[in-house]
Structure formats: C-alpha cells, structure tokens
Amino acid sequence: MDEAAVQEAKLLRQVNALIVAHLRGQSLGQAAAAVAAATMTPLSAADSVPDNHLLRLVAKGLAAERAGGAASAFDSAGFGGVVPTLGSSAVDFSVQDARGSSKSFPKHEARHVSDHKNIARCAKFSHDGKYFATGSADTSIKFFEVAKIKQTMAGDSKDSSARPVIRTFYDHMQPINDLDFHPESPILVSASKDNTIKFFDFSKTNARKAFRVIQDTHNVRSVCFHPCGDYLVAGTDHPVAHLYDVNTFMCYLSANPQDSSSPINQVRYSCTGSLYVTASKDGSLRIWDGVSAECVRPIIGAHGSAEATSAVFTKDERYLLSCGKDSSVKLWEVGTGRLVKQYTGSVRRQFRCQAVFNETEEFVLSVDEQNNEVVVWDALTAEKVARLPSGGTGAPRWLDHSPTEPAFVTCGSDRSIRFWKQTV
C-alpha cells in the first residue's frame, strides 16, 4: 500500500506540472502561478514539459476510450477516428512590435485548372494536402487531385489520366457555401443555401450523389469537422452554431449563446478540437469551449460594424487570424482577446472571403477585390511582401492554402479555379 501511495503521489505531481505548463502555454500566467502555489508545484517542473503535452495526452486518452466503446458509423466502414496532430507555431507571435526585415515570399506559378458554370464560392484542401474541392453557385462541387494538377503543370498533360478534375458531385438545389474534409475517412462534406449538409464518399469512383444528408433549419453558411471526426459544427443564418453528432445526426446548441443575434459566416475548430470560433455578420468573433460549448471569449466589434467573414486558429491555438469586410485582417490573442497585429493594404468590402496562413504560418494570404490580386504579408512583421495578379477577369472570391506544402487555390467571380505552387 505504501508503494502504491508513493506512485500515486508521483503521478499527482506530474499531473499538476502538466496543468501548470498548459496554463502557461495558453498565456494564462496568473492562473498558472495560482495553481503552482496551491499545489506546491515548482515552476521548474513545468519548464521541462513539451508544448501542448497535456493536450496530446488527453487526445490519446479520448481516442483510447472511444476505441473501447461502440464503433461509429464511419469506424464500421473501415475508417477510424484520428488523434489530432499538434504542431507548434513556426512563428513566435508573442514577440511585440517585431522589427527587422520581412521574409521574401517565394515565387509561385499559377495554372487555370477548371471552370464552374457560375461563380466559384469556396475551396478547401484535405488535411493531407492530396486533394481539394471547390463549390459553386451552379450547385456543383468539383473534386481535384493535387498530384494530377502537378503533372499537367510539368507538361505531362498528354496522359489522359492526368485530368485534374477527378469527380464532380451534383446533389444540391442551391449554391454551395462551404466544404470540409473528414480528418481520416474519404468523406467530403458540403454546406448549402438549400439548408442541407451533405456527405460525399470520394473513394467510390462512380458516386455523384451524397450518401448522407443533414437537413438543417437554416441556410448553412459554414461547416467544420471536429479533429476526431465524430462531430461537425455548422454556422448558419441562426446566431448560434449547430453541433451535430455525425453518427446519430443529433443537433446540440449552446446553453450560453452570449446574446448573439447575427448569422454566422464561418466556424472553425482548433487543431485539437478544444476550441472553436465563430465569425459573425455583426462583426464579432466568439471563441467557444469545444467540450462544453460555452463561450469563453467574445470579441465584440472585432471588425467594427462590418461583417467578420473568416477566423482560423494558429497551430498552437494561442492566436486567431480573422478577416472582415472592413478590409482588415487581424491577429488576436486567444487567452486575452487582445489585438496583436493588423495586416492592412487590401480591399475587401463586397464579398465573403477569408484570410489564411501558409503551411508554415510565416505568411498570411488574402485577396484584394479592388485590384484583383492575391495579397501576402509577413505574418510576424505584418509587412506586405507580395501582390500576385489573380489572372482572372473578375475578383477572386475565395482562397485556401495547402496545409502541407507551398501551394494554394483561388476561385471567384469569373467562375475559374486556379492552382498556385511554388516554383523551384
């Protein structure tokens, strides 16, 4: 019994050190100091804990717990959940008033890879960067394989199998608003103005229709899978995000909506699923606890009275990048809601669009409607480092960057889809 007590005490000390390190990593220094003092945990013990170690352990534990329970609908099809890969930010945004020279954005070449029959409204890369899909006002979804696009760009287009569009899905009655890929299964999900969320299995070469459908009560503006793949959060014309269990289609709403009264333009999970963010038409951002669905950080008027059109977490979950129709891109500290940086000098007032990081988080990319360009900033210095003519006849409406390599896709008003990759 004495040995058991000793082991339990050692474990408790480890847990306390993990909690202190986690709080410090979330920029909650006062809370970390209070826990350290209350549990008599030396701060030196927390110094040796790797970044996000507690989150990694919790993610693994939850995955093991799910594995011991009933198999989900996707598990039974041969696809399991995934423990999210946690990355640390390539850029230390905690550095205040960064000085010095900005990084140069590498040269990129673009290829016009396809067209929709109407405005191309959204684009999304898969988590492994092997595929991307685009959604249009013509109600169709085009599905692309990145390797085949690269073949055509390298001059291998004589091979008929190298056609970059490998599938087109037709199953919506109104325009597509957003897309997302399941973190593990070959499943693409779409959100539409027809009040539906549809699931497409892209492993089946002949499939053109959805194999599952969620009927929502509102225009579905945005969708995002939880990193475990078992849940899907949707932003709609309703002011509160709709959280769906993808196996039962049960819908859950937060009991603490924080007086939100405006439609949600975009919703995105953090890489561990511990948080999600909503960007609303009233210009506000709200950060929500990914487990309890409680609002933990409202940022009211983040983009003034203009619409907040996008929001995405950094890989370390400490910061949030947002974009709005006030023509600003802003970086916020998650722990405090403090504005850290602004990326200015491009115009976005008419269309719903987004700002994104590149795969290393060293650069921020968005679009300039007025000059029909892709604009790139150094993420740390906030200096504009590139302006890339879009190549289209109309302003780009959407941009998404590959999570794994220096490549991105643009699409927009001229119905065209362009793939950009770094030149050697």
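This tour moves from the whole chain to one group of neighbouring strands in a predicted model.

Begin with the entire protein in view, where 6 helices and 28 strands can be picked out. Of its 424 residues, 54% count as buried, and the accessible surface comes to about 18,300 Å², with 51% of that area belonging to carbon and sulfur atoms. If you display contacts between residues at least 6 apart in sequence, 52% of them join residues at least 24 apart.

Next, colour the spans that an unreviewed UniProt entry annotates as "repeat: WD", namely residues 113–154, 169–210, 257–298 and 313–342. Selecting residues 313–342 shows a span that is 53% strand and 0% helix, with its end C-alpha atoms 15 Å apart.

Now select strand β16, residues 285–289, which is largely enclosed by the rest of the structure because 4 of its 5 residues are buried.

Add strand β15, residues 275–280, which pairs with β16 in the antiparallel sense over 5 bridges; here Leu275 stands opposite Asp289 of β16. Follow the chain through the hairpin of β15 and β16, where 4 residues lie between the strands and Gly283 takes a positive phi near 90°.

On leaving β16, extend the selection to strand β17, residues 295–299, whose pairing with β16 is also antiparallel and runs over 4 bridges. Within this pairing, Arg286 has Pro298 of β17 as its bridge partner. The hairpin of β16 and β17 has 5 residues between the strands, and the residue to inspect there is Ala293, with a positive phi near 60°.

Definitions and conventions. Residues numbered from 1 in each chain as written. Predicted model: local features only at pLDDT ≥ 70, side-chain atom pairs only at ≥ 80, totals over all residues. Heavy atoms only, no water. UniProt positions renumbered as here; feature names shortened; annotations may be inferred. Helix = DSSP H or I, 4+ residues; strand = E, 2+ residues; numbered from the N terminus. Buried < 20%, exposed > 50% of the residue type's maximum accessible area, 1.4 Å probe, protein only. Contact = heavy atoms within 4.5 Å. Areas by Shrake-Rupley, 256 points an atom, 1.4 Å probe, with all protein chains shown as cover. Pairing = 2+ DSSP bridges.
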